[in-house]
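The following report describes the fold, the surface and two selected sites of the chain shown here.

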Amino acid sequence: MEVISTHGGSWTLISVAKLYINHLLSLKQFDDAAKLCLRVLGNKKSLWEEEVFKFFKCSQLRAVSAYLPTSDDCKLDPHVYEMVLYEYLKHDAKGFLNLIKEWPSNLYNCAAVINAIHDNFRKQNANELLEALAILYLHQRDYESALRMYLKLQNADVFEMIRRYDLYDAIHKMIIPLIQLDRERAFKILFENKKIPPEIVVQQLEQNQEYLYWYLDALDKVDKSGKYHWKLINLYAKYEREKLLPFLKGSNHYPMQEALDVCKRELFYPEMVYLLGQMGNTIEALNIIIEKIKDIEMAIEFCKEHNDSDLWNILIDESVKEPEIVLKLLDGIVDYVDPVAVVEKIKLGQDIPGLRDAVVKLLWDYRLQVEIRKSAQNIQHEFYYKQHAKEVTMQNRGRCVPSSDRCMRCNRPVLTLNEHIPPVNDLVIFLCGHVYHQKCAPGSTINERCEFCNPSDLNKDDPLAIMLLLQ
């Protein structure tokens with residue numbers, strides 16, 4: 001071959017190269033034979049296809065695969081590339097996947113290769129074959145099938161793939177697998193640009209209540225419409241009770257009776273107290289605090305919140321039965337109930353340790369409250385009189401009448417600056433600042449109010465009155 005290349009001869013370089021390739025194949029030096037093909041065959045399609053068939057007969061297409069031409073200048077028949085892929089598929093799944101990644105998809109028939117994978121699918125090579133299927137489906141623009149393959153692989157790249165190819169419509173039936181793969185990233189996809197309606201997600205997640213809870217809890221942070229708050233009540237009760245009471249207090253988008261039924265079923269007493277209080281059934285709510293929760297501080301706060309005499313009477317009647325509760329009650333009712341009402345309920349001879357100190361403190365607090373109220377009243381009165389005196393002083397001060405002022409009735413200047421023109425008339429000035437000629441406002445010296453500020457006092461037939469009333 002070197003001599004022919006340099007000096008020529010009766011044999012062509014290609015004919016000698018073919019003989020040498022045959023010789024190397026007979027010696028099973030398959031890689032050397034493949035490199036020789038790359039060296040001498042160039043972009044001659046027919047020669048490549050002829051030599052590749054020799055490797056096929058030896059079941060050594062894998063040896064020549066790295067040297068096959070794949071450019072548009074020399075692209076072999078698709079069947080050639082498919083034969084190489086089939087051999088890899090049977091003997092080397094990783095090598096098969098690498099070729100699928102490296103080779104342009106226009107070299108072979110994607111549908112034929114997909115069918116071959118399904119026909120030769122092996123569990124031990126499932127990861128490589130599923131990834132290859134995903135890539136082939138992408139080449140075919142069958143994005144939904146590609147997504148399914150990536151989800152089977154539990155490949156987190158699926159989320160970026162959804163964004164890159166705008167596959168939001170294709171994942172409507174894949175929501176549960178996406179959440180199983182990565183809940184946080186799945187929710188970002190579901191909330192992204194509002195491309196996936198919550199109705200579709202809720203419908204899909206009905207079969208998995210825990211996933212539905214996660215989704216609706218996350219949805220409530222980005223959507224304040226409260227459309228699914230009625231569902232969240234049951235879900236909070238089932239999966240995260242500590243969020244239920246704050247949720248009930250912060251939302252106005254759920255049916256209270258249904259929420260109360262859920263809390264009664266689960267014996268959630270604090271939640272029942274809140275709902276009963278909101279529904280106006282405060283007596284039942286107070287009874288639950290006293291009998292079930294047994295929290296006197298909570299009962300006192302509840303009575304303070306609603307400030308109902310009936311509630312206070314119920315609480316006082318229940319409290320005097322237990323000495324330690326009486327002391328707590330006396331300490332918390334100074335601003336709301338007459339302490340005498342509590343003391344009078346204490347039975348004669350009843351032993352209540354610490355009662356004397358509690359009553360002394362009660363009286364001291366009561367006295368302090370009285371003093372504070374008197375001080376506040378004195379401050380208020382002092383402020384009022386100061387403001388009143390200031391207002392009187394302001395009204396009694398001198399009032400300037402500018403030369404530009406005009407009579408409110410005749411619209412002529414009220415002052416004459418020309419000494420040769422006698423003044424039109426005396427003036428009448430009201431505290432509101434409006435100025436009249438005396439003749440224009442007959443009887444105004446005994447009028448209590450300005451006619452302009454009080455047009456209803458004018459004669460209804462008067463043109464000025466009509467104009468003011470229209471204004």
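The chain contains 26 helices and 2 strands; these are DSSP runs numbered from the N terminus, with helices (H or I) of at least four residues and strands (E) of at least two. The model is predicted, so local features need pLDDT of at least 70 and side-chain atom pairs count only at pLDDT 80 or more, while totals for chains, interfaces and linings use all residues. Residues are numbered from 1 along each chain as its sequence is written, and side-chain values use heavy atoms, with hydrogens and water left out.

Of the 471 residues in the chain, 38% are buried (buried means under 20% relative accessible area, exposed over 50%, and partly exposed in between, with a 1.4 Å probe and protein chains only). Among contacts (heavy atoms within 4.5 Å) between residues at least 6 apart in sequence, 48% join residues at least 24 apart. The accessible surface of the chain is about 28,400 Å², and carbon and sulfur atoms account for 50% of that area.

Two residues in helices are listed below.

| Residue | Helix | Relative accessible area |
|---|---|---|
| Leu-368 | H25 (residues 355–396) | 39%, partly exposed |
| Glu-160 | H11 (residues 157–164) | 39%, partly exposed |

Leu-368 joins Trp-364 and Ile-372 in a nonpolar surface patch of about 320 Å². Patch residues have over 30% relative accessible area and no salt bridge; like charges are joined within 9 Å, and nonpolar side chains (Val, Leu, Ile, Met, Phe, Trp, Tyr) within 5 Å. A salt bridge places a side-chain nitrogen of Lys or Arg within 4 Å of a carboxyl oxygen of Asp or Glu. Accessible areas come from the Shrake-Rupley method with a 1.4 Å probe, and for residues only the protein chains shown count as cover.

Glu-160 lies 9.8 Å from Arg-185, C-alpha to C-alpha, and the two are 25 residues apart in sequence.
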